[in-house]
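Open the structure in your viewer and keep the selection panel at hand. We will make three stops.

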Amino acid sequence: MAPEKDLVAKLVMADPGLPRPNPTRSYWQHAPHPLAHTQSASLPTDRDFVIIGSGITGLCVTKTLLERHPMATITILEARALCSGATGRNGGQMVANVGEEYMDLANVHGPEMAGKIAKFTFRNLEKMQELIEEYDAVEASEMQCLQKLRVFLTEDKFNDFKKSIARLEADHPSLSGIYTILDQEKVLNEHGIHGTAGGALLPAGTVWPYRLVTKVFAALMKKYPDRLTIETNTPVESVEHSDSSVTPISSAFPYTVRTSRGPLRAGNVVYCTNGYTGHLLPRLRGRIHPFKGTMTVQDPENAVPNQGTSLSWGFHYPPTYDPETGNCGHGLYYLGQSAKTGYFCFGGEEDRMEETISADDSVVSQYSVNHLQSVLPQFFDKNAAAPWKLVSSWSGIMGVSSDGLPLIGRLPSTLTGQKGTGEWIAAAFNGYGMANCLMSGEALALMILGENVSDWLPDAYGLSEKRLRETLTAAESIKALSVNL
């Protein structure tokens with residue numbers, strides 16, 4: 001194996017560890033919510049459900065269980081502050097990526113399943129908007145319903161995209177018309193974006209995700225004070241299953257969840273741990289690995305019009321690798337604009353492999369920040385001598401699966417390494433959590449309660465033996481990450 005592939009293998013198989021206690025400061029969290037460091041006076045125990053992680057997925061599992069199970073007791077365990085993981089550190093985009101992925105999905109899973117995934121992600125975005133409206137969070141979260149302008153920086157990428165859209169619409173006529181294809185001239189003359197081969201418009205949105213999640217958690221805490229506790233700054237160190245034949249307590253609460261504040265017993269344990277999943281579930285290392293992205297907030301200072309109520313942007317390019325520096329470009333920049341301030345929220349992943357296949361968000365790469373500052377003005381043909389003002393920069397950890405799809409369902413003993421049927425997972429959203437997390441969390445909660453969700457949750461998101469054997473493997477992760485080396 002080449003040295004570069006050896007490095008990839010080492011990185012994807014590494015223990016991601018616990019979320020770092022001193023993460024870079026996300027712009028979204030510059031004003032902490034009153035619940036940011038909430039804790040009970042003493043750690044509760046004998047809980048029906050322990051949920052590990054307090055992002056959008058953990059929120060939706062919690063909300064659904066509380067609403068559908070009138071007696072359920074729930075404790076959320078968060079290693080750091082409330083909503084301090086991927087949800088509180090992302091790009092603020094509400095958009096699906098099924099258009100550019102459809103061809104590959106159809107080739108691997110068949111057109112029926114690929115269509116089911118497409119419809120799931122589009123419906124998820126609708127339900128995100130419904131959640132925001134239900135909790136009167138439109139203003140607080142600065143939600144905007146707008147269009148996403150996806151542009152492609154090479155002819156090959158643009159042609160592949162057009163072929164993917166054509167097949168999507170041929171296979172599923174009900175999804176026709178979602179994407180409006182634009183040639184290079186329209187992208188430039190109508191939208192002012194330079195250096196592209198073409199693009200497309202599709203319905204999308206932007207949101208301040210931290211404000212949404214914390215507002216809903218606050219409402220749930222108020223509504224269910226006797227059934228819900230949130231324990232922040234309480235990292236989980238291990239999950240152990242006890243023999244239910246030993247004591248009656250073991251039968252009702254067979255799991256011991258050991259934390260930095262002591263143990264608690266639980267009937268079920270739900271992992272909403274995304275890029276950190278491999279720490280508590282070592283047999284998932286490699287199948288899921290952390291991936292670190294870089295975000296910036298840049299102030300164009302009126303150099304371009306504020307389009308924050310009408311457009312967000314995505315810039316697609318072929319992944320790159322520079323053998324001299326070891327820098328990898330991972331093929332996508334994502335951009336939103338604040339309708340209030342005009343600030344651009346711009347992110348992307350270009351750095352050395354050991355910087356990106358990492359769970360350490362306590363540092364942000366200066367190289368990556370500088371790169372994002374240099375690239376952004378060029379798209380608007382604003383090649384000023386000085387970059388636009390940097391308001392904020394931070395890193396965030398995504399969870400990436402070897403086959404690019406989430407993991408939703410009951411964990412088999414082959415993955416937990418212990419007896420028991422009460423461990424569950426919703427993780428690995430591959431950078432598109434806003435298009436998957438809400439309904440994935442709902443689906444998992446309903447599965448836990450014994451309901452059938454197979455008519456709308458894609459089977460490809462499950463933990464079938466076939467998937468674990470063929471596509472959800474460390475070898476596939478290494479292969480996917482090494483393709484350009």
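Start with two helices. Select α3, residues 98-109, and α4, residues 111-134: their axes come within 7 Å and cross at roughly 150 degrees. This is a predicted model. The crossing of α3 past α4 is right-handed.

Now show the side chains at this contact. From α3, pick Val98, Tyr102, Leu105, Ala106 and His109. From α4, add Pro111, Met113, Ala114, Gly115, Ile117, Ala118, Thr121 and Phe122. Colour them by class: ten are nonpolar, three are polar and none is charged.

Next, the strands. Select β7, residues 228-231. Which residues of β7 point the same way as each other? Leu228 and Ile230 share one direction, while Thr229 and Glu231 point the other way. In a regular strand, side chains alternate between the two faces of the sheet. All four of these β7 residues are buried.

Add β2, residues 74-77, which pairs with β7 in the parallel sense over four bridges. To find one of the bridge partners, click Leu77: its partner in β7 is Glu231.

Last stop: Arg467, in helix α14, residues 465-470. Is Arg467 buried or exposed? Arg467 counts as buried because its relative accessible area is 6%, under the 20% cut-off.

Then select what surrounds Arg467. Beyond its neighbours within four places in sequence, Arg467 contacts Ser401, Asp403, Leu405, Pro406, Leu407, Ala460, Tyr461, Gly462 and Leu472. Draw a distance from Arg467 to Asp403: their C-alpha atoms are 9.0 Å apart, with their positions 64 residues apart along the chain.

Technical notes: Residues numbered from 1 in each chain as written. Predicted model: local features only at pLDDT ≥ 70, side-chain atom pairs only at ≥ 80, totals over all residues. Heavy atoms only, no water. Buried < 20%, exposed > 50% of the residue type's maximum accessible area, 1.4 Å probe, protein only. Pairing = 2+ DSSP bridges. Axes fitted to C-alpha atoms, helices over the stretch in contact; angles between N-to-C directions. Left-handed = near helix turned anticlockwise from the far one by under 90°. Contact = heavy atoms within 4.5 Å. Nonpolar A, V, L, I, M, F, W, Y, C, P; charged D, E, K, R; others polar.
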